[in-house]
Amino acid sequence: MSEWEKRVISVMLVCLLCMGVMACGTRQQDSMKKIKDLQFTVLAEDKLPEELLTVIEEKKTEPFKVTFQDRGFLYICVGYGQQETGGYSIAVNELYETANAIYVDTNLIGPGPEEKGNNSPSYPYVVIKTEYIEKSVVFD
């Protein structure tokens with residue numbers, strides 16, 4: 001085999017390898033692509049299933065991420081642990097489904113200036129209720 005033939009074969013192998021890597025990357029991007037936004041409700045504490053409320057009470061002093069399924073609904077809980085004061089709120093930025101998972105993105109919003117005087121600790125968390133879908137939940 002000539003030197004030229006070896007180079008041509010080497011270039012072809014490199015091209016095939018690159019095409020394989022690009023195909024894997026495309027599949028991974030497709031699996032993370034949003035299929036649809038999910039409808040949801042943010043629940044008040046008095047609307048939570050008793051078993052879920054017990055879990056939250058046990059975990060609330062530290063940041064936590066919990067899912068709970070009950071009667072055809074999925075409950076997605078995100079807690080931010082103990083905060084020095086009250087007045088915090090939590091925004092649900094996104095809740096959507098992909099081919100492989102459910103993605104949730106929340107954000108803790110600090111208290112306003114009028115609420116800074118409250119020196120009692122708080123334990124902000126949010127519970128999102130949506131239809132049950134048998135997929136893993138990814139917390140962003």
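**Exercise 1. The open sheet**

Determine in which order the 4 strands of the open sheet are arranged, and which strands stand at its edges.

*Solution.*
Step 1. The model under study is a predicted one. In it, the open sheet has the strand order β2-β7-β4-β3, with antiparallel pairing.
Step 2. The edge positions belong to β2 (41-42) and β3 (63-70); each has a single partner strand, so one side of each is left without a neighbour in the sheet.
Step 3. The pairing of β3 with β4 (residues 73-80) is antiparallel and extends over 8 bridges. Within β4, Ile76 is the residue that Thr67 stands opposite.
Step 4. A helix is added to this picture: α2 (residues 50-59) lies across β3, β4 and β7 (125-131). Relative to β3, helix α2 runs at about 170 degrees.

**Exercise 2. Strands β1, β5 and β6**

Establish how many bridges join β1 to β5, and how many join β5 to β6.

*Solution.*
Step 1. Strand β1 (residues 36-37) and β5 run antiparallel and are joined by 2 bridges. Here Lys36 stands opposite Glu97, a residue of β5.
Step 2. Between β5 and β6, also antiparallel, there are 8 bridges. In this pair, Val92 faces Thr106 in β6.
Step 3. The connection can now be described: β5 and β6 form a hairpin, with 3 residues between them.

**Exercise 3. The nonpolar cores**

Identify the residues that make up the largest nonpolar core, and state which element gives the most to this core.

*Solution.*
Step 1. The largest nonpolar core has 12 residues in all: Leu38, Leu74, Ile76, Val78, Ile90, Leu95, Ile102, Val104, Val126, Ile128, Ile133 and Val137.
Step 2. Two or more residues of this core come from each of β4, β5 (89-97), β6 (101-109) and β7.
Step 3. The element that gives the most is β4, with 3 residues.
Step 4. Leu74 may serve as an example of a core member. Leaving aside neighbours within four places in sequence, Leu74 is in contact with Thr67, Phe68, Ile102, Ile128, Lys129, Thr130, Glu131, Tyr132 and Val137.
Step 5. Apart from this core lies another, of 11 residues, including Leu48, Leu52, Cys77 and Val127.

**Exercise 4. The surroundings of Ser122**

Decide whether Ser122 is buried or exposed, and find which backbone oxygen the side chain of Ser122 reaches.

*Solution.*
Step 1. Ser122 is placed in the loop between β6 and β7.
Step 2. The relative accessible area of Ser122 is 16%. The limit for a buried residue is under 20%, so Ser122 counts as buried.
Step 3. The side chain of Ser122 reaches the backbone oxygen of Thr85 at 2.5 Å.
Step 4. Beyond the neighbours within four places in sequence, the contacts of Ser122 are with Gly81, Gln82, Gln83, Thr85, Gly86 and Tyr88.

**Exercise 5. The chain as a whole**

State how many helices and strands the chain has, and what percentage of the residues count as buried.

*Solution.*
Step 1. The chain holds 2 helices and 8 strands. Read from the N terminus on, the elements follow the pattern α-β-β-α-β-β-β-β-β-β.
Step 2. Of the 140 residues, 29% count as buried.
Step 3. Among contacts with a separation of 6 or more, 71% are between residues 24 or more positions apart.
Step 4. The accessible surface of the chain is about 9400 Å², and 52% of this surface belongs to carbon and sulfur atoms.

Key. Residues numbered from 1 in each chain as written. Predicted model: local features only at pLDDT ≥ 70, side-chain atom pairs only at ≥ 80, totals over all residues. Heavy atoms only, no water. Pairing = 2+ DSSP bridges. Contact = heavy atoms within 4.5 Å. Axes fitted to C-alpha atoms, helices over the stretch in contact; angles between N-to-C directions. Core = buried A, V, L, I, M, F, W, Y, C linked by side-chain atoms within 4.5 Å. Buried < 20%, exposed > 50% of the residue type's maximum accessible area, 1.4 Å probe, protein only. Areas by Shrake-Rupley, 256 points an atom, 1.4 Å probe, with all protein chains shown as cover. Polar contact = N/O pair within 3.5 Å; in protein donor to acceptor, adjacent residues only side chain to side chain.
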